[in-house]
Amino acid sequence: MSFPISLQGPSDGGKAEIVGEFVIEGDLNSKAEVVLENLIINAGEGYPLLSEGGMPVRLVNCTISKSSETALHVSNGSKITMERCHVFDCAHDGIYVEGK
């Protein structure tokens, strides 16, 4: 993929709520990145964000909570950048990173 993907909530200080799981795939070495901004991400069941060797991801001003698993599961060289994020209320780890 040669273009960035951006999913952005309102810019007026509010946040859009996403209920479900984000699975990030794609080229690990991509110059483009997936940007998630001003969002509340609640998975309930599963991982709110799962990246196993996928495209680079940037989370900006996001809240990730209410997970029955780990909030962010990052593996196989995935690159995640977080700015002004809040991770809480997870049954397991808030952020779990593992190598190959």
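# Close-up views of a predicted model

**Figure 1. Asn38 lies in the loop between strand E4 (34-37) and strand E5 (39-44).** Strands (E) are DSSP runs of at least two residues, numbered from the N terminus. The model is a predicted one, in which local features need pLDDT of at least 70 and side-chain atom pairs count only at pLDDT 80 or more, while totals for chains, interfaces and linings use all residues. Residues are numbered from 1 along each chain as its sequence is written, and side-chain values use heavy atoms, with hydrogens and water left out. Is Asn38 buried or exposed? With a relative accessible area of 9%, Asn38 is buried (buried means under 20%, exposed over 50% and partly exposed in between, using a 1.4 Å probe and protein chains only). Apart from neighbours within four places in sequence, Asn38 is in contact (heavy atoms within 4.5 Å) with ten residues given here in three groups: Gln8, Gly9, Pro10 and Ser11; Gly14, Lys15 and Ala16; and Val60, Asn61 and Cys62. With one of these residues, Asn61, the side chain of Asn38 makes a polar contact of 2.8 Å. A polar contact is a pair of N or O atoms within 3.5 Å; within protein, one must be able to donate a hydrogen and the other to accept it, and residues adjacent in sequence count only if both atoms are side-chain atoms. Val87 is 49 residues from Asn38 along the chain, and the C-alpha atoms of Asn38 and Val87 are separated by 13 Å.

**Figure 2. Cys62 and Cys85 are shown with their sulfur atoms.** How many disulfides are counted? The count comes to 0 disulfides, a disulfide being a pair of cysteine sulfur atoms within 2.5 Å. For Cys62, the nearest cysteine sulfur is that of Cys85, 5.0 Å away, and Cys62 is in no disulfide. Cys85 is likewise in no disulfide, its nearest cysteine sulfur being that of Cys62. Cys62 has a relative accessible area of 0%, so Cys62 is buried. Cys85 is at 25% relative accessibility and therefore counts as partly exposed. Cys62 is also among the residues that Asn38 contacts.

**Figure 3. His73 lies in strand E9 (residues 72-75), and Thr70 lies in the loop between strand E8 (63-67) and E9.** His73 counts as buried because its relative accessibility is 9%. Thr70 is buried too, with a relative accessible area of 5%. Which side chain makes a polar contact with that of His73? The side chain of Glu98 does, at 3.2 Å. Not counting residues up to four places away in sequence, His73 touches Tyr47, Leu49, Leu50, Ser51 and Glu52, as well as Tyr96 and Glu98. Thr70, with neighbours within four places left aside, is in contact with Tyr47 and Pro48, and also with His92, Asp93, Gly94, Ile95 and Tyr96. Tyr47 and Tyr96 appear in the contacts of both His73 and Thr70.

**Figure 4. Salt bridges that share partners join Glu33, Arg58, Glu83 and Arg84 into one network.** Side chains of opposite charge can pair when their charged atoms come close. The count comes to 3 salt bridges, where a salt bridge is a side-chain nitrogen of Lys or Arg within 4 Å of a carboxyl oxygen of Asp or Glu. In one of them, Arg58 pairs with Glu33, and the closest N and O atoms are 3.0 Å apart. Arg58 lies in strand E7 (residues 57-60) and Glu33 in the loop between strand E3 (22-24) and E4, so this pair ties together parts that are 25 residues apart in sequence. Arg58, with a relative accessible area of 25%, is partly exposed, and Glu33, at 22%, also counts as partly exposed. Arg58 meets Glu83 in another salt bridge (2.6 Å, N to O). This pair links distant parts of the chain, with Glu83 in strand E10 and Arg58 in strand E7, 25 residues apart. Glu83 is partly exposed at 28%. Glu83 also forms a salt bridge with Arg84, with the closest N and O atoms 4.0 Å apart. The relative accessible area of Arg84 is 61%, so Arg84 is exposed.

**Figure 5. Met82, Ile95 and Val97 form a nonpolar patch on the surface.** Together these residues have about 260 Å² of accessible area, obtained by the Shrake-Rupley method with a 1.4 Å probe, where for residues only the protein chains shown count as cover. Patches are made of residues with over 30% relative accessible area and no salt bridge; like charges are joined within 9 Å, and nonpolar side chains (Val, Leu, Ile, Met, Phe, Trp, Tyr) within 5 Å. Met82 is found in strand E10 (residues 80-83). Met82 counts as partly exposed because its relative accessibility is 31%. Ile95 of the patch is also one of the residues in contact with Thr70.

Terms used:
Helix = DSSP H or I, 4+ residues; strand = E, 2+ residues; numbered from the N terminus.
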